[in-house]
Amino acid sequence: MVGFQQTDIGLIPKEWEVKQLNELTMLMTNGFVGTAKTHYSNNDNAVLYIQGYNVIENGFNYHGIKRVTREFHNKHKKSNLKTNDLLTVQTGEVGLTTIVPSALEGSNCHALIISRFKPNICASFYSYFLNSESGQTLLKTIETGTTMKHINVGDMKYINVPLPPLKEQEAIAEVLSDTDALITKLEQRIAKKRLIKQGAMQTLLTPQDDWEVKKLGDFLEYEQPTKYLVADTKYNDNYDTPVLTAGKTFILGRTNEKTGIYNNLPVIIFDDFTTASKFVEFPFKVKSSAMKILKPKNKYVNMRLVFEIMQRIDFPLGGHKRHWIGEFQHLEIQVPDENEQTCIATILSDMDSEIDILEKKLSKTKELKQGLMQQLLTGKIRLA
């Protein structure tokens with residue numbers, strides 16, 4: 001390819017170099033590798049203690065963050081963090097990498113590889129590179145262990161990485177950082193919309209004096225999923241038909257099977273063991289027989305409203321047993337008249353549509369970021 005050179009890490013622009021990672025750093029070391037549990041503290045002078053589970057791709061999860069005593073911190077100075085240090089998870093979700101922000105300056109850390117770059121190197125560029133497909137492939141070559149993966153700082157020092165000119169490093173990092181900011185903004189908007197919907201549900205679905213008491217079984221009948229079970233579980237995102245579960249995963253994958261597709265919509269899929277449920281408006285197949293497909297008993301049933309009411313039911317689970325036939329269908333609910341049902345369902349459905357649009361935009365933005373990373377971090381798109 002014109003303008004490119006073949007190297008140990010593949011094709012890169014002729015203007016780029018290949019260096020061992022330790023050639024670009026002033027320091028590469030392990031965070032504290034023992035146990036610090038006896039040194040946890042909530043005192044005013046305690047120090048934030050960053051662990052592997054706090055690290056996400058190019059960011060931090062601050063939930064459950066610990067603190068350690070000042071004495072422990074001072075004793076383990078090699079684990080002290082500075083702004084722009086690069087942290088790589090050493091055990092477990094190995095290879096996840098991020099940059100220490102100024103807010104975490106002076107923290108301590110555990111089971112993380114600390115890379116402190118030279119002044120003429122853009123640390124953020126290497127955070128994006130190590131999190132990219134190419135970077136993760138490199139890190140996998142130095143993984144050890146079977147059930148619990150691990151990487152050693154001594155091995156990581158000698159992996160070969162690309163070295164673009166500094167201005168190009170900074171330009172690439174800026175573009176990817178801007179994309180991350182857009183992703184974060186979309187995630188925040190989605191979270192806000194969900195909170196608004198929860199508030200609306202609390203108001204709209206609170207029973208009024210004139211609401212009628214009915215049983216769920218008055219609105220819904222069930223069908224066993226046997227006819228719609230997927231035969232081949234080798235899923236592919238390019239296939240047409242989603243394979244569903246009523247659990248959190250919801251869409252397990254996609255199949256190209258052409259028969260046994262459920263399309264009498266909308267329906268509710270109901271996990272008979274956990275009572276989790278999902279509202280479905282598109283053709284599908286299922287993976288497990290441990291669910292019921294809940295259908296309207298007649299054309300007047302507002303499935304959206306019944307589903308939303310089901311989400312508010314606090315059902316005490318007990319034992320590993322099926323619940324719909326024996327218990328759940330007999331639960332009493334309160335419902336308004338048909339006109340009010342329609343109005344409530346429309347409002348909640350519109351809210352779901354707004355969330356769905358944002359979630360699709362988020363998914364596309366994440367795909368765009370992955371494409372940008374592949375092109376920018378290999379020099380196929382040049383910014384300087």
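**Exercise 1.** In this predicted model, determine which way the residues of strand 16 (residues 241-244) point and whether they are buried or exposed.

*Solution.*
Step 1. Sort the residues by direction: Thr241 and Val243 point one way from strand 16, while Pro242 and Leu244 point the other way.
Step 2. Relate this to the general pattern: side chains in a regular strand alternate between the two faces of the sheet.
Step 3. Check accessibility: all of these residues in strand 16 are buried, that is, under 20% relative accessible area.

**Exercise 2.** Find the strands that are joined to strand 16 by bridges, and give the direction of each pairing.

*Solution.*
Step 1. Take strand 17 (residues 251-255): four bridges join it to strand 16, and the two run antiparallel. Thr241 has Thr255 of strand 17 as its bridge partner.
Step 2. Look at the connection. Six residues lie between strand 16 and strand 17, which form a hairpin. In the turn, Phe250 has a positive phi of about 65°.
Step 3. Take strand 20 (residues 285-286): two bridges join it to strand 16, and here the strands run parallel. Val243 stands opposite Lys285 of strand 20.

**Exercise 3.** Describe how helix 5 (residues 166-204) and helix 8 (residues 338-376) pack.

*Solution.*
Step 1. Two packed helices are described by the angle between their axes and the distance between the axes.
Step 2. For helix 5 and helix 8, the angle is about 165° and the axes are 10 Å apart.
Step 3. Angles over 145 degrees count as roughly antiparallel, so helix 5 and helix 8 are roughly antiparallel to each other.
Step 4. The crossing of helix 5 and helix 8 is left-handed. Their contact has 21 nonpolar, two polar and twelve charged residues.

Definitions and conventions:
Residues numbered from 1 in each chain as written. Predicted model: local features only at pLDDT ≥ 70, side-chain atom pairs only at ≥ 80, totals over all residues. Heavy atoms only, no water. Axes fitted to C-alpha atoms, helices over the stretch in contact; angles between N-to-C directions. Parallel < 35°, antiparallel > 145°, perpendicular 65-115°, else oblique. Left-handed = near helix turned anticlockwise from the far one by under 90°. Nonpolar A, V, L, I, M, F, W, Y, C, P; charged D, E, K, R; others polar. Buried < 20%, exposed > 50% of the residue type's maximum accessible area, 1.4 Å probe, protein only. Pairing = 2+ DSSP bridges.
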